[in-house]
Amino acid sequence: MSVSANYEIINQQINSACEKSGRNRAEVKVIAVTKYVSVARAKEALDAGILHLGENRDEGLLEKWSVLADKPSWHFIGSLQTRKVKNIIDKVDFIHSVDRLSLAVEINKRATRTINCFIQVNVSGEASKHGLEPDQVGEFIYQLKDLSNIRIIGLMTMAPNIKDETELRDCFRKLRQLRDKIVDLNLEFAPCTELSMGMSNDFAIAVEEGATMVRIGTALVGEEVEEAHHEY
Ligand SMILES: *Cc1c(COP(=O)(O)O)cnc(C)c1O
């Protein structure tokens with residue numbers, strides 16, 4: 001299916017999730033995750049009117065950036081090795097995976113403008129998932145106070161790879177509640193109003209629970225490149 005046909009279906013699902021939960025559709029941005037697909041397919045996403053592209057590896061981001069440059073806003077969504085920050089820092093607008101102080105310090109050091117960052121939270125507690133434990137986030141955030149090139153705009157999580165709707169909802173709701181607590185702190189360096197959550201299999205539930213950015217790969221642009229299926 002074409003990206004625009006997929007996008008139409010996904011938009012309808014987001015619209016009804018917004019209606020169901022009394023949310024304003026304009027609060028929800030779609031990030032097309034292009035890590036499995038070619039540059040041509042990523043370009044198709046732009047042609048379909050998608051403004052945000054996400055990649056989880058520096059190689060993938062650089063390959064697509066070299067062709068598409070600053071046409072979309074770029075989101076780095078994968079776990080990020082500190083030594084790779086310098087490769088991507090001038091290309092990305094958003095980093096979704098800040099999960100340790102050393103990484104935040106490096107981003108701050110290399111950045112030549114403000115980088116919008118999310119703190120990644122491991123809400124589900126799965127050992128395989130990156131991110132801070134929910135009860136570490138409050139203390140962590142204060143450590144970022146003097147990193148003037150970083151703006152903590154929100155929290156990000158990956159839900160467990162399950163079908164159980166109750167459990168998924170619970171995960172997203174916990175991230176939202178944590179976000180609300182941080183918003184209440186009124187920190188200038190960490191407005192933390194955004195929620196990056198929801199992927200191909202669970203984005204509708206995530207939107208019902210307050211997602212402001214959904215990261216959708218397979219359901220939107222597909223997964224045409226065979227060898228990119230490895231876990232990194
Ligand atoms: C791959 C990836 C996605 C998109 O996953 P799909 O299930 O293909 O929609 C979203 N977020 C992160 C962090 C990813 O690595």
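## A tour starting from Glu-55

Select Glu-55 to begin, which sits in strand β2, residues 52-55; helices (H or I, at least four residues) and strands (E, at least two) are DSSP runs, numbered from the N terminus. The model is a predicted one, in which local features need pLDDT of at least 70 and side-chain atom pairs count only at pLDDT 80 or more, while totals for chains, interfaces and linings use all residues. Residues are numbered from 1 along each chain as its sequence is written, and side-chain values use heavy atoms, with hydrogens and water left out.

**Around Glu-55**

Glu-55 is buried, with a relative accessible area of 2%, where buried means under 20% relative accessible area, exposed over 50%, and partly exposed in between (1.4 Å probe, protein chains only). Show Lys-35 next, and you will find that the side chain of Glu-55 reaches the backbone nitrogen of Lys-35 at 3.4 Å. Beyond its neighbours within four places in sequence, Glu-55 has contacts (heavy atoms within 4.5 Å) with residues including Thr-34, Lys-64, Trp-74 and His-75.

**Along β2 and across to its partners**

Now display the whole of β2: His-52 and Gly-54 point one way, Leu-53 and Glu-55 point the other way, and all are buried. Add strand β1, residues 29-33, which runs parallel to β2 and is joined to β2 by 3 bridges; two strands pair if DSSP finds at least two bridges between them. Within this pairing, Val-33 has Gly-54 as its bridge partner in β2. Colour helix α2, residues 39-47, as well, since β1, α2 and β2 make a right-handed β-α-β unit; a crossover is right-handed if, with the strands pointing away from the viewer, the path from the first strand over the helix to the second runs clockwise.

Continue along the chain from β2 through helix α3, residues 58-68, to β3, a β-α-β crossover that is also right-handed. Strand β3, residues 73-76, runs parallel to β2, and 4 bridges join them; there, Ser-73 in β3 stands opposite His-52.

Return to β1 and select strand β8, residues 213-216, which pairs with β1 in the parallel sense over 4 bridges, with Met-213 in β8 as the bridge partner of Lys-29. Of the 5 residues of β1, 4 are buried, so β1 is largely enclosed by the rest of the structure.

**The nonpolar cores**

Select Ile-95, Ile-107, Ile-119, Leu-155 and Leu-220, which touch the most other members of the largest nonpolar core, a set of 67 residues. Such a core is a set of buried Ala, Val, Leu, Ile, Met, Phe, Trp, Tyr and Cys residues joined through side-chain atoms within 4.5 Å. Another core, of 6 residues, lies apart from the largest one, and among its members are Phe-118, Ile-153, Met-156 and Met-213.

**Zooming out**

Finally, show the entire protein chain, whose secondary structure comes to 9 helices and 8 strands. Its C-alpha atoms fill a box of roughly 45 × 40 × 30 Å, taken along the principal axes, and 50% of its 232 residues count as buried.

Technical notes:
A polar contact is a pair of N or O atoms within 3.5 Å; within protein, one must be able to donate a hydrogen and the other to accept it, and residues adjacent in sequence count only if both atoms are side-chain atoms.
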